[in-house]
Amino acid sequence: MDDRSQTRREMHQVLNGDGERPAPSLGITRRTFLHRSLLAGAGLGIGTHGWFPLINTVDLAFGASEFKFAWISDTHLYPKSVNTRFVDTAVRAVKEVQAMSPPADFLIVGGDIGQLGDPVELELGAEILKEVTIKKLYIPGEHDWYLDMGVAWEKLYGHSPWAMDHKGVRFIGLDTVSRAPDFWTIKKMTPKERMGHMAVLDGSVAGAWAGVGRDQLAWLDRALADWPKDKPVVLFSHNPLWEYYAPWNFWVRDWREVHEILKPFSNVTNVHGHVHQVLYNEIGKMRSIGMLATSWPWPYPPQGVPALSPCQTRVDPGDPYDGVGWSRLTMTTKNAVDNEYVMWRKDVIGEAPWDSGCGDNNNQILSPRLADQIWPHYGAYK
Amino acid sequence: MRMTRRAALAVAIVGLLVMLGAGPNGALAHREKHTPAQLKAFEELFLEQVKIGDLLFHGDEATQKRMGVTLSKSGMSCAMCHPFVADVHPYEFPKFQEQMNQVATLRDIVNWCIEKPNDGVKLDLDSDAMRALEAYMLWSTRGSKVDPGRH
């Protein structure tokens, strides 16, 4: 076993405590089953719980009738005068969602519609999304928020958190972005400077800001109080509801408290944006699926990905349509939900080390930034 | 490139130290043992370049303006796809780059990224900005295994 595999297994062991697993009714679709067989035939070790061989589907257990929903996020729109590249990919995703047949029951837009919180960007997003005529639900991303602290975003897209019951599933939309610790007042930053720091994924000034917050945790507790413990819960959030990689805010700081609230529920799925990559994990009883961006893919963080996650293939940086896309989630009558990454390329997952976004990084050691450090003790969490 | 005051001071100190330690022939200063003060000054000079490269890599407008370079016209920066310089693998160059159809150096691929995804103006290969970018990328990935040619 190489070092990276060892690290992934250790991560899995530490994060996934004894006896805590999602509901056992894990649905395996024919497609996944076939792929598992093929992998076994190729002599790759996939026999353990920790190596879940996925092509572009993630199978989840539910107890409801069949329906579909779609996810689009991280469009990172600039004003058209600056850049139309991300407009083009967002428009393509929107057209494809609208063309779904049978149609999706709803579209969830998972945040980072704009790049720098500019009302021009947020209004452009609303204009593009007009093409989708099915029900639309929204949660914010940090790029939408920190120019005017969410004023323009809430005006256009409404308030979070929210809860919605749909065909036997309780869907919850969380706001994991608006409760960043105040790093701007003491430094007398302008709104633009504040937004600028929030918009740099690997910046040190805003720190590991993502969080649910005490008030929203209390809300979540109340929102689930009347929900049967064995019925499905799906949480939408911009940031993942577990600790993946804090320096890039691939986490929420209070994920443990979130899991305390979710602990009694046997069928919980978190669908999240922000990571711009194929990602899957199980923590406690919660499944977590990372969504693609329509704008650009993020690399996997330096410590690698959880053992349960497939790794997306390396993409062509010269092709704006590569490595990006949206998700089509289908709840089947066999109590399973397929998550299909619509990545606009044939192979979404890269198995061979030279084609895999994980295997490519075996030699890689990375450091946090130097040039933007304004706080003492920066790097303590790395 | 106009040097910052700090960098200029560091250069002056290094020059002074070299002269003091050089004996009759200044050009052969490296034959003398280095002092801790010299090493510290060398490192400061290097990290100054790293910081400039870091700012350029993250699209800092003031630094680009000061150095007279345009790394992007699309609003994108290098760091948007490469946080902490992830997935750049500067220690693997030179290597064959499909999109360029040639064995490329790190500086070649930096220019490709500036011109293509970033829609910027490519740098002179020997420019101060390129040197600073190279310093930052290699510093940020220090400790990685050098493996030229690896795909």
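Which side chain meets A:Lys95 in a salt bridge? In this predicted model, the partner is A:Glu131, at 3.4 Å from N to O. The two belong to distant parts of the chain, 36 residues apart: A:Lys95 is in helix 3 of chain A, while A:Glu131 is in the loop between helix 4 (119-129) and strand 4 (135-138). Neither end of this pair counts as buried, because A:Glu131 has a relative accessible area of 35% and A:Lys95 comes in at 43%, and buried means under 20%.

Over all chains, the count comes to 22 salt bridges, and two of them are between chain B and chain A. In one bridge across the interface, the side chains of A:Arg369 and B:Asp54 meet at 2.7 Å, N to O. Here the pair joins two chains, since A:Arg369 lies in the segment after strand 12 (336-342) of chain A and B:Asp54 sits in helix 2 of chain B. Both residues are buried.

Now for a pair inside chain B. B:Arg150 and B:Glu92 also form a salt bridge, again given as 2.7 Å from N to O. They are 58 residues apart, with B:Arg150 in the segment after helix 6 and B:Glu92 in the loop between helix 4 and strand 1 (95-97). B:Arg150 counts as buried because its relative accessibility is 18%, under the 20% cut-off; B:Glu92 is buried too, at 0%. Both also take part in a network of salt bridges with shared partners, which brings in A:Arg314, A:Asp360, B:Lys95 and B:Asp147 as well.

As for the interface itself, 36 residues of chain B are in contact with 32 residues of chain A. About 2900 Å² is buried between the two chains, and carbon and sulfur atoms give 57% of that area. There are also 20 residue pairs in polar contact across the interface. On the chain B side, helix 2 (36-57), helix 4 (78-81) and helix 6 (128-140) each supply at least two residues, and helix 2 gives the most, with five. Sorted by class, that side has 17 nonpolar, 10 polar and nine charged residues.

That leaves the nonpolar cores. The largest has 111 residues, and A:Phe171 and A:Phe236 touch the most other members. Helix 3 (residues 85-98) of chain A gives the most to this core, with six residues. Beyond its close sequence neighbours, A:Phe171 is in contact with residues including A:Phe67, A:Phe69, A:Phe106, A:Trp162 and A:Phe236. Apart from this core lies another, of 26 residues, and B:Ile52, B:Leu56, B:Ile114 and B:Ala129 are among them.

Technical notes
Residues are numbered from 1 along each chain as its sequence is written. Chains are lettered from A and ligands numbered from 1 in the order in which they are written. This is a predicted model: local features need pLDDT of at least 70, side-chain atom pairs count only at pLDDT 80 or more; totals for chains, interfaces and linings use all residues. Side-chain values use heavy atoms; hydrogens and water are left out. Contact means heavy atoms within 4.5 Å. Buried area is the accessible area (1.4 Å probe) that two parts lose on being put together, summed over both. A salt bridge is a side-chain nitrogen of Lys or Arg within 4 Å of a carboxyl oxygen of Asp or Glu. A polar contact is a pair of N or O atoms within 3.5 Å; within protein, one must be able to donate a hydrogen and the other to accept it, and residues adjacent in sequence count only if both atoms are side-chain atoms. Helices (H or I, at least four residues) and strands (E, at least two) are DSSP runs, numbered from the N terminus. Ala, Val, Leu, Ile, Met, Phe, Trp, Tyr, Cys and Pro count as nonpolar, Asp, Glu, Lys and Arg as charged, and the others, Gly among them, as polar. A nonpolar core is a set of buried Ala, Val, Leu, Ile, Met, Phe, Trp, Tyr and Cys residues joined through side-chain atoms within 4.5 Å. Buried means under 20% relative accessible area, exposed over 50%, partly exposed in between (1.4 Å probe, protein chains only). Lists of a residue's contacts leave out its neighbours within four places in sequence.
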